[in-house]
Amino acid sequence: AGVRIPDVGLNASMLPLIQVWTNAANGPVLSTVLSGVLPIGAFVPGSTYLACEPREVGVSANFTVGFAAVSGLRAGDNVTLTLPGFVLPGNATSLALDSYTLATLPFR
């Protein structure tokens, strides 16, 4: 039960076609096209990983994140990684990274 995103995500060409309907016991809901739906990416199965070295509490650690996007990434796309308990330096609320950028995220 519930609403589920397709395993391949939702690309821009799919958005005008997104519909919901139900044959619920209390009465059917006829097909309705959803508006305002944003694209959602997906990762190639088996391509995601997160590594941390050293695996020790109280010392600085290096994180390596890897993935392959199903439909690729373009300039301006966002990928969000949530690491509970880690904070960005200073008052930062986001961090822009590329494959050549290193970042230090202290744990609190």
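Q: In which loop is F43 found?
A: Happy to place this one for you, bearing in mind that the model is predicted. The two neighbouring elements are strand 2, covering 29-33, and strand 3, covering 49-53. F43 is found in the loop between strand 2 and strand 3.

Q: Does F43 count as buried, partly exposed or exposed, and why?
A: Buried would need under 20% relative accessible area, and exposed would need over 50%. F43 has 39% relative accessibility, so F43 counts as partly exposed.

Q: Which residues make the nonpolar surface patch of about 690 Å²?
A: A residue needs over 30% relative accessible area to join a patch, and F43 has 39%. F43 is one of the patch residues. The patch is made by F43, L50, F63, V65, F67, L73, V79 and L81.

Q: Where is P54, the residue that follows E53 across a cis peptide bond?
A: The bond from E53 to P54 has omega near -10 degrees. Strand 4 covers 62-66. P54 sits in the loop between strand 3 and strand 4.

Q: How many helices and how many strands are in the protein chain?
A: Reading from the N terminus, the elements run β-β-β-β. That gives zero helices and four strands.

Q: What percentage of the residues in the protein chain is buried?
A: Here the cut-off is under 20% relative accessible area. The protein chain has 108 residues, and the buried share is 7%.

Q: How much of the area that the protein chain exposes is supplied by carbon and sulfur atoms?
A: The protein chain exposes about 9300 Å². Of this area, carbon and sulfur atoms supply 58%.

Key: Residues numbered from 1 in each chain as written. Predicted model: local features only at pLDDT ≥ 70, side-chain atom pairs only at ≥ 80, totals over all residues. Heavy atoms only, no water. Buried < 20%, exposed > 50% of the residue type's maximum accessible area, 1.4 Å probe, protein only. Areas by Shrake-Rupley, 256 points an atom, 1.4 Å probe, with all protein chains shown as cover. Patch = residues over 30% accessible without salt bridge, like charges linked within 9 Å, V, L, I, M, F, W, Y side chains within 5 Å. Salt bridge = Lys/Arg side-chain N within 4 Å of Asp/Glu carboxyl O.
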